[in-house]
Amino acid sequence: MLLLFPVPDVGAAAGRGVCLCDPRPRHRSGLSRGSGLAGAQRAWHLLGRMPVAPPSCCLVAFPPRAKDGLVVFGKNSARPRDEVQEVVYFSAANHEPESKVECTYISIDQAPRTHAIVISRPAWLWGAEMGANEHGVCIANEAMNTREPAPETEALLGMDLVRLGLERGSTAKEALDVIVALLEEHGQGGNYYEDADACHSFQSAYLIVDREEAWVLETIGKYWAAEKITEGVRCICNQLSLTTKIDAEHPELRSYAQSQGWWTGEDEFNFSEVFSPADDHLDCCAGKDSLEKQEESITVQTMIDILRDKASGVCIDSESFLTTASVVSVLPQNTSSPCIHYFTGTPDPSRSIFKPFIFVDDVKLVPKAQSPCFGDDDPAKKEPRFQEKPDRRHELYKAHEWARAVIAGDQEQGRKLRKTMLQLERQGLEAMEEILTSAGPLDPAEVGDLFYDCVDTEIKFFK
């Protein structure tokens, strides 16, 4: 195995009697002042008149802002505090003609062939918050606050479309085409949260990236607009960002806006102005601000540091929402070098380890980062849905609860533990840097169990 972490002795950090922190919110509603939400949205939320999209963000950096020859992608997934995310690999597969695939709420026609993918997803649903495929395509989505509410009718979730785009798209543009075609055919809607008390339904935006370009895709029902990015930096959050530069769009997008009385047809068409809530005063996107402040070349470490930054609002830790998982991917523009994807699989990147994954033919599965499967008895699959909330914690999550408690509690133990975690992570980053700069071909046998070994070592370390 190429990368073998030593298991350090943290001594007192493994002290007895530590009370594990409870990830559940103290109140079912209410947001911290640092949540990054606009005042108008907060008022609407408190009145109970519209669901508020969790304030997460997706980021990408291209040369020349990124390190020479690299595209760097990052995503923080802000979700309800008690939600568990798992990291799952699915191999490429051929499928029988006329077969179906069961998504979170509906079944659709399966593709003849699906690509190998690795995804981070809320454990109760089929789709993904973020992920990558074997061809170097990365996709993440954002729940959006828009002028037109998303339907509560069960259809495809934005997260389903992330996974479908990864499974069926071998380039960023191909994945975009897959998503908008499925959106047109099946629509989007349904509860974004595992919540029996209320339906939280959102429109979606996507950041779709490959080695050469990225597409920002923002949707309103079946209508959409997209912008192509090939250089510099870009961030999307839970508010519309497309303005007058639109490189592709639904053929009826503008006529629909006119029919709703949102655009006269005479003024210049500005997507975010037309489709944002009328009383929504846009906050500055924290991720965009953090990226643009970087004076040096943006690297994997830079992106990790940005995702960990709570002061900026990129890393969410409020009463309602928590960054429940994170990912950073590095996509070399030189196709002879492998793409490397770093997943946490655990909440709060400031207290988590980013662990590398590389696509090869024989990837070793990692059950310790996967939640229990409840099959047809899963309350998320039975109607009425979500009548119970099973324990979806996987082994990595449970081990990580101890680390979170130590870091949040005893200062000396917490500092020592966090320092050791960062040392483990740094060792992995250095090993991956050697792979990226190596002139020789990658040996698949050395990295097939890479993510498995990192997760296994992390759990042993916590125990």
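**Exercise 1. Get a feel for the whole chain.** Work out what share of the contacts between residues at least 6 apart in sequence joins residues at least 24 apart.

*Solution.* Start with the contacts: of those in the protein chain between residues at least 6 apart in sequence, 70% join residues at least 24 apart. Keep in mind that this is a predicted model. Next, look at burial: of the 463 residues in the protein chain, 58% are buried. Finally, list the secondary structure, which comes to eleven helices and 18 strands.

**Exercise 2. Check a helix against its ideal length.** Find out what span the 13 residues of α11 should have, and how far apart its end C-alpha atoms are.

*Solution.* Helix α11 runs over residues 450-462. Take 1.5 Å a residue, with one less than the number of residues as the multiplier. That gives an expected 18 Å for α11, and the end C-alpha atoms sit 19 Å apart, so the two agree.

**Exercise 3. Wrap the helix.** How many of the 13 residues of α11 are buried, and which elements cover them?

*Solution.* Count first: eleven of the 13 are buried, so α11 is mostly covered, taking under 20% relative accessible area as buried. The buried set includes the aromatic-named Phe 451, Phe 461 and Phe 462, and also Asp 453, Asp 456 and Glu 458. Then look outward: the cover includes the strands β3 (85-90), β17 and β18, together with the helices α8 (395-408), α9 (411-437) and α10 (444-447).

**Exercise 4. Two helix partners.** Which way do α8 and α9 run relative to α11?

*Solution.* Take α8 to begin with.

- The axes of α8 and α11 come within 9 Å and cross at roughly 40°.
- That angle makes α8 oblique to α11.
- The handedness of the α8 and α11 crossing is left-handed.
- On the α8 side the contact is made by Glu 395, Leu 396, Ala 399, His 400, Trp 402 and Ala 403, and on the α11 side by Val 455, Glu 458, Ile 459 and Phe 462.

Compare the spacing of those contact positions with a general point: an α-helix has 3.6 residues a turn, so residues three or four places apart point the same way.

Now α9.

- The axes of α9 and α11 come within 12 Å, crossing at roughly 165°.
- The cut-off for roughly antiparallel is over 145 degrees, and α9 and α11 are therefore roughly antiparallel.
- This crossing of α9 and α11 is right-handed.
- Leu 417, Thr 420, Met 421, Leu 424 and Met 432 of α9 meet Leu 450, Phe 461 and Phe 462 of α11.

Phe 462 turns up in the contact with α8 and in the one with α9.

**Exercise 5. Hunt for unusual backbone.** Where are the cis peptide bonds at Pro 64 and Pro 384, and which residues that are not glycine have a positive phi, among them Asp 348?

*Solution.* Set the baseline: most residues other than glycine have a negative phi, and most peptide bonds are trans. Go through the omegas: the bond from Pro 63 to Pro 64 is cis, with omega near 10°, and Pro 64 belongs to the loop between β1 (57-61) and β2 (70-80). Another cis bond joins Glu 383 and Pro 384, with omega about -5°. Pro 384 lies in the loop between β18 and α8.

Then scan phi. Phe 386 has a positive phi of about 60° without being a glycine. Phe 386 is also in the loop between β18 and α8, and at 8% relative accessibility it counts as buried. Asp 348 has a positive phi too, about 65°.

**Exercise 6. Zoom in on Asp 348.** Is Asp 348 buried or exposed, and what does its side chain make a polar contact with?

*Solution.* Place the residue: Asp 348 sits in the loop between β17 (340-343) and β18 (355-357). Its relative accessible area is 3%, so Asp 348 is buried. For the polar contact, pair the side chain of Asp 348 with the side chain of Lys 310, at 2.8 Å. Setting aside neighbours within four places in sequence, Asp 348 is in contact with Lys 310, Cys 315, Asp 317 and Thr 323.

Note on methods:
Residues numbered from 1 in each chain as written. Predicted model: local features only at pLDDT ≥ 70, side-chain atom pairs only at ≥ 80, totals over all residues. Heavy atoms only, no water. Helix = DSSP H or I, 4+ residues; strand = E, 2+ residues; numbered from the N terminus. Buried < 20%, exposed > 50% of the residue type's maximum accessible area, 1.4 Å probe, protein only. Polar contact = N/O pair within 3.5 Å; in protein donor to acceptor, adjacent residues only side chain to side chain. Contact = heavy atoms within 4.5 Å. Axes fitted to C-alpha atoms, helices over the stretch in contact; angles between N-to-C directions. Parallel < 35°, antiparallel > 145°, perpendicular 65-115°, else oblique. Left-handed = near helix turned anticlockwise from the far one by under 90°.
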